[in-house]
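The following exercises are to be worked with the sequence and the three-dimensional structure at hand. Each task is followed by a solution in steps.

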Amino acid sequence: MSVIRARRAARAAVLAPLVLAAVLLLALVPARAGAGGAPRFVFLFIGDGMGVAQRMAAARWKGAPLAMDGFPVHGLTTTAAADGSVTDSAAAATALATGVRTLPGRLGLGPDLRPRPTVAELARDRGMRVGIVTSVSVDHATPAGFYAHVPERGMYHEVAHALAASGFDYFAGGGLRDPRGDALERARAGGLALAAGRQALEALRPGQRALAVGDRLCDGQALPYALDATARDVTLAEFTARGIALLDNPRGFFMMVEGGRIDWACHGNDAAAALADVVAFDAAVAVAARFAAARPGQALVLVTADHECGGLVLVPPDARSAAFLDILRRQGMSLQRFVAGLARGPEGGRFEELAPRLAGLFGLETPAALGLEPEELEALRAAWAKPRPGPGPGRAEGDPLAVALGRLLGRKAGLEWTSRGHTGVPVSTSALGAGQERFAGSFDNGELGRRIQEVMGLAPAAAPAALALPAAP
């Protein structure tokens with residue numbers, strides 16, 4: 001027996017260092033995305049300005065349920081900034097991306113100005129591919145919240161250079177608002193192929209890193225409103241589908257998709273433009289949902305909003321509002337584009353020309369079908385007389401005539417706007433796929449961000465002691 005024990009002891013003495021070495025080696029190897037039940041493919045859809053009312057109204061306007069509303073798990077998310085104020089898109093994106101609520105205007109920084117790692121950066125460091133898709137410029141506040149760390153969202157030059165240096169794999173939708181114009185070349189030098197339009201987008205190869213933009217950009221490098229889009233314009237759903245094809249790989253990917261122009265239309269109180277963009281956003285959600293269905297247990301699709309905008313209220317429908325909602329469905333373009341085409345004031349236009357033009361906007365033969373009351377006409381006359389806003393991205397949504405038309409038309413369809421800004425109304429969060437159960441209940445946007453990282457199995461790194469802003473490139 002002593003001989004047997006001696007042999008076992010010798011064998012154990014040989015095996016023990018080998019086992020220890022194997023354990024240490026495994027500890028040093030990055031965990032494979034999807035290990036331990038974590039989803040390998042994660043989509044985060046953010047409807048900018050999309051409150052509960054916007055979702056409900058979009059389904060009513062579409063005449064069919066939205067894909068996101070059919071998800072099995074729903075939660076309620078509060079959106080206040082760190083100081084309790086009504087948030088802006090920068091602070092909200094930072095909360096969703098890092099799990100840390102911050103102050104309005106800040107991107108990727110906590111209230112103490114310390115940079116916080118984003119879920120997209122952590123996914124990249126895990127070896128997953130990363131995509132950022134939006135209907136506005138890719139350096140706007142919401143997309144920038146996933147790769148930039150600056151104290152002010154308007155630092156477009158620094159944000160654009162952060163995009164170029166991010167190491168992410170796919171940026172798509174709008175262009176760059178870099179005021180100096182050199183970030184695009186920096187992105188190209190960093191390995192991002194530049195693709196403009198549908199044909200160039202389709203020519204990209206799987207695994208190729210790219211910055212893909214629409215064929216026709218407007219309003220500060222954004223895609224057109226869905227109501228204003230033509231057949232040549234690449235849709236948010238197309239950018240999402242192509243992103244899946246380019247990013248798909250065994251280690252997985254993280255993709256953030258923003259419906260950014262929902263918020264812009266809500267600022268302008270343009271119900272039809274807002275709801276059409278919600279429906280276009282939902283079409284992109286449906287693309288991801290189909291992908292998740294083909295990868296059971298491997299994919300997670302989340303849909304939320306950064307905040308509500310416009311204070312939209314749905315009033316009880318009646319026969320009259322239901323009939324007018326049918327008229328609103330036929331709105332041929334955004335109100336921003338409509339009023340931009342009207343001659344007014346010094347340009348020599350006459351108010352009496354408005355009603356016939358307005359009827360034409362909805363494909364009606366006579367203005368009488370709009371049912372405009374005398375007091376409604378007077379309100380429009382007063383708005384007609386006010387000066388147009390100056391040039392600049394986002395300024396046209398504030399045209400007094402466009403806003404007056406939006407409020408009037410929305411009210412007649414049972415859609416009441418109570419604000420032209422952001423509100424503190426909670427938003428819906430919907431989940432489908434692996435880990436979906438973690439998104440039921442009520443939580444703030446910082447907690448939502450932390451839950452996303454938790455479900456993905458990502459551990460955020462410690463934040464640096466202080467922010468050190470680099471010199472301008």
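**Exercise 1. Aromatic rings**

Which residues do ring pairs link into a cluster? Begin from the individual pairs, bearing in mind that the model is predicted.

*Solution.*
Step 1. The structure contains 12 aromatic pairs. One of them joins F43 and F45, with 6.2 Å from centre to centre and 15 degrees between the planes. Planes under 30 degrees apart count as stacked, and the F43–F45 pair is accordingly classed as stacked. F43 and F45 are both buried.

Step 2. For F253 and F291 the ring centres are 5.7 Å apart and the planes stand at 40 degrees, so this pair is tilted. F253 belongs to strand β7 (residues 253–259) and F291 to helix α11 (residues 271–294); the pair therefore ties together parts that are 38 residues apart in sequence. Both F253 and F291 are buried.

Step 3. Ring pairs link F41, F43, F45, F253, F281 and F291, and these residues form the cluster.

**Exercise 2. Charges over rings**

Over which rings do the charged ends of R261 and K412 sit?

*Solution.*
Step 1. R261 places its charged end over the ring of Y225, at 3.8 Å from the ring centre.

Step 2. K412 places its charged end over the ring of F324, at 5.7 Å from the ring centre.

**Exercise 3. Order and edges of the sheet**

Determine the strand order of the open sheet of 10 strands, and explain what distinguishes β5 and β14.

*Solution.*
Step 1. The chain has 17 helices and 14 strands. The order in the open sheet of 10 strands is β5-β6-β4-β3-β7-β1-β8-β13-β2-β14, and the pairing is mixed.

Step 2. β5 (193–196) and β14 (441–444) each have a single partner strand and stand at the edges, so one side of each lacks a neighbour in the sheet. From one strand to the next, the twist averages 15 degrees.

Step 3. At the β14 edge, β14 pairs with β2 (residues 73–78) in the parallel sense over 4 bridges. T77 has F443 of β14 as its bridge partner.

Step 4. Helix α17 (residues 445–456) packs on the sheet and touches β1 (41–47), β2, β7, β8 (299–304), β13 (427–433) and β14. The direction of α17 makes about 105 degrees with that of β14.

**Exercise 4. Strand β6 and its neighbours**

Are the residues on the two faces of strand β6 buried or exposed, and which residues stand opposite L211?

*Solution.*
Step 1. In a regular strand, side chains alternate between the two faces of the sheet. In β6 (residues 210–213), A210 and A212 lie on one side, with L211 and V213 on the other. All four are buried, and both faces of β6 are thus covered.

Step 2. β4 (residues 170–173) pairs with β6 in the parallel sense over 4 bridges, and F171 stands opposite L211.

Step 3. β5 also runs parallel to β6, joined by 4 bridges, and L194 stands opposite L211.

**Exercise 5. Burial**

Which residues of helix α2 are buried, and what share of the chain is buried?

*Solution.*
Step 1. In α2 (residues 52–62), the buried residues are A53, Q54, R55, A57, A58, A59 and W61. Just after α2, G63 adopts a positive phi of about 80 degrees.

Step 2. Of the 473 residues in the chain, 52% are buried. The accessible surface of the chain amounts to about 19,000 Å², and carbon and sulfur atoms contribute 59% of this area.

Key: Residues numbered from 1 in each chain as written. Predicted model: local features only at pLDDT ≥ 70, side-chain atom pairs only at ≥ 80, totals over all residues. Heavy atoms only, no water. Phe/Tyr/Trp six-rings, centres within 6.5 Å; stacked < 30°, edge-to-face > 60°. Buried < 20%, exposed > 50% of the residue type's maximum accessible area, 1.4 Å probe, protein only. Lys NZ or Arg CZ within 6 Å of the ring centre and 35° of its normal. Pairing = 2+ DSSP bridges. Axes fitted to C-alpha atoms, helices over the stretch in contact; angles between N-to-C directions. Contact = heavy atoms within 4.5 Å. Areas by Shrake-Rupley, 256 points an atom, 1.4 Å probe, with all protein chains shown as cover.
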